[in-house]
Amino acid sequence: MEKIVIKGGKALSGEIRASGAKNAVLPIIAASIVGTGTSMIRNVPHLDDVTTMNELLIQMGVQLTVDETTNVEICADHINNPRAPYETVKTMRASILALGPLLTKYGKAEVSLPGGCAIGARPVDIHLKGLEAMGAKIKVENGYIIAKADRLKGCQFYMDKVTVTGTENLLIAATLAKGTTVLENCATEPEVVDLANYLSKMGAKIEGIGSSIIKIEGVEVLHGCEHHIIPDRIEVGTFLVAAAATGGSITINNSKPEDLESVIIKLREAGAEINTTEDTISLNMHGKRPKPVNINTAPHPAFPTDMQAQFCTLNAIANGYSIVTENLFENRFMHINELIRMGADITVAGNQAIINGVKHLNGAPTTATDLRASASLVIAGLVAEGETEIFDIHYIDRGYEVIEEKLNQLGAIIKRVSFT
Ligand code: EPZ
């Protein structure tokens with residue numbers, strides 16, 4: 001077993017390099033299934049979720065190799081087991097992204113129905129309704145989605161909710177469908193755009209990339225290609241909040257400021273001085289205590305739900321009151337109780353956290369509950385007086401590449417400790 005131990009109170013300073021985006025590389029590796037020939041995916045982050053997705057494809061019969069710089073080479077011409085088993089899906093919900101690719105290329109798929117997770121029920125009804133609208137025959141038996149289709153047909157489909165992986169599954173499925181598909185109320189997250197760009201390079205005919213209406217002209221075959229994954233905007237945002245919370249000054253290279261506009265606006269509102277170039281973001285807090293900022297999560301380009309927990313920590317030590325409203329997931333305040341144990345003054349009422357900023361937090365033993373909640377506890381440990389331990393850190397390793405190494409590079413006193 002491992003835990004993270006942090007000695008708080010040091011302002012972060014220095015430079016780090018952003019890793020590739022987890023939520024772009026997962027759909028792109030899944031989408032490689034629809035290609036004929038080999039794809040080479042570069043700038044792939046070394047994360048547990050990526051390893052899980054790679055293993056999922058390998059057990060399907062995909063030839064997949066990871067080189068020393070974690071680039072992934074994939075050839076999906078010989079899939080003989082179009083199946084995503086329960087034991088894989090239960091560790092990583094993004095396995096549902098295999099459904100669209102398998103169905104549109106092989107006409108069949110068996111994917112374990114993802115259960116809920118810590119942050120909510122996470123239904124996939126829109127994924128299934130969209131594939132049925134394309135002519136798939138879908139039933140759920142013994143916890144598995146059993147899907148069949150001679151060949152998917154283009155259709156017009158409106159998504160009742162803006163869903164990132166729902167948009168991605170249907171976008172991939174439409175690329176080899178017969179005829180034209182128009183998807184409406186699509187997610188416009190940068191990760192969806194990166195997937196669409198990868199599919200276009202493979203030969204897919206896609207219009208409206210980055211907008212809420214995407215039109216896809218089905219083709220007969222798609223070819224493997226080379227693709228460089230975009231920087232992880234949530235990793236970048238997490239480090240910017242950590243620097244702001246500790247009153248520090250950092251620069252993040254290999255980032256994409258345009259993907260983080262809503263977060264940068266909120267950090268400036270909190271008192272941070274932020275300068276950007278095309279691929280770097282510099283934040284300087286000048287040792288000041290943050291000002292409180294109200295947060296309302298919503299689909300891109302609004303404030304991302306994946307940055308909500310981190311801003312709860314920033315607001316927990318801010319100079320005044322703030323309200324954080326979580327509009328996407330019904331149970332995404334699991335970090336609040338842990339922050340309260342560290343001395344935060346927060347009240348949760350429905351989907352709102354009312355935060356009265358305190359001068360300082362106190363180090364304590366804490367437990368991570370989900371990926372972004374664990375990031376908020378790391379930030380809390382960096383600002384707290386004394387020592388903080390974080391248990392169940394496997395959540396962190398799912399979405400942050402060598403987080404303690406990058407934080408050490410910025411002067412944090414943080415280490416990973418094994419214990420029995
Ligand atoms: C993606 O999850 C991300 N994961 C999540 O990041 C992110 O929090 C979320 O989008 C929102 O931005 C990946 O991309 C792998 P949704 P996803 O479908 O696609 C409802 C992280 O920390 N909904 O956009 O599963 C759903 O209940 C993770 O990296 C339906 O009702 O989220 C939610 O309220 C956490 N029916 C809303 O839509 C459906 O069929 C948005 O969910 C699908 C979704």
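**Close-up views of the predicted model**

**View 1. Residues around the ligand.** The ligand is surrounded by 20 residues, of which D125, T163, T165, D306 and L328 come nearest; a residue is near a molecule if one of its heavy atoms lies within 4 Å of it. The model is predicted, so local features need pLDDT of at least 70 and side-chain atom pairs count only at pLDDT 80 or more, whereas totals for chains, interfaces and linings use all residues. Residues are numbered from 1 along each chain as its sequence is written, and side-chain values use heavy atoms, with hydrogens and water left out. By class, the shell holds eight nonpolar, five polar and seven charged residues. Here Ala, Val, Leu, Ile, Met, Phe, Trp, Tyr, Cys and Pro count as nonpolar, Asp, Glu, Lys and Arg as charged, and the others, Gly among them, as polar.

**View 2. Helices and polar atoms at the ligand.** At least two residues of the shell come from each of α1 (22-31), α5 (125-133), α6 (164-175) and α12 (371-383); helices (H or I, at least four residues) and strands (E, at least two) are DSSP runs, numbered from the N terminus. The most is given by α5, with three residues. Oxygen atoms of the ligand lie 2.6 Å from a side-chain N or O atom of T165 and 2.6 Å from a polar backbone atom of L328. The protein covers 89% of the 820 Å² of accessible area that the ligand has on its own (Shrake-Rupley method, 1.4 Å probe).

**View 3. Surroundings of T305.** T305 lies in the loop between β20 and α10 (308-316). T305 is buried, with a relative accessible area of 9% (buried means under 20%, exposed over 50%, partly exposed in between; 1.4 Å probe, protein chains only). Its side chain forms a polar contact of 2.8 Å with that of R332; such a contact is a pair of N or O atoms within 3.5 Å and, within protein, one must be able to donate a hydrogen and the other to accept it, while residues adjacent in sequence count only if both atoms are side-chain atoms.

**View 4. T388 in strand β25.** T388 belongs to β25 (residues 387-391) and is buried at 0% relative accessibility. The T388 side chain reaches the backbone nitrogen of A364 at 3.5 Å.

**View 5. An open sheet of four strands.** The strand order is β20-β21-β23-β22, with mixed pairing; two strands pair if DSSP finds at least two bridges between them. β20 (295-296) and β22 (345-349) stand at the edges with a single partner strand each, so one side of each lacks a neighbour in the sheet. β21 (residues 321-325) and β23 (residues 352-356) pair in the antiparallel sense over five bridges, and Y321 stands opposite N356 in β23.
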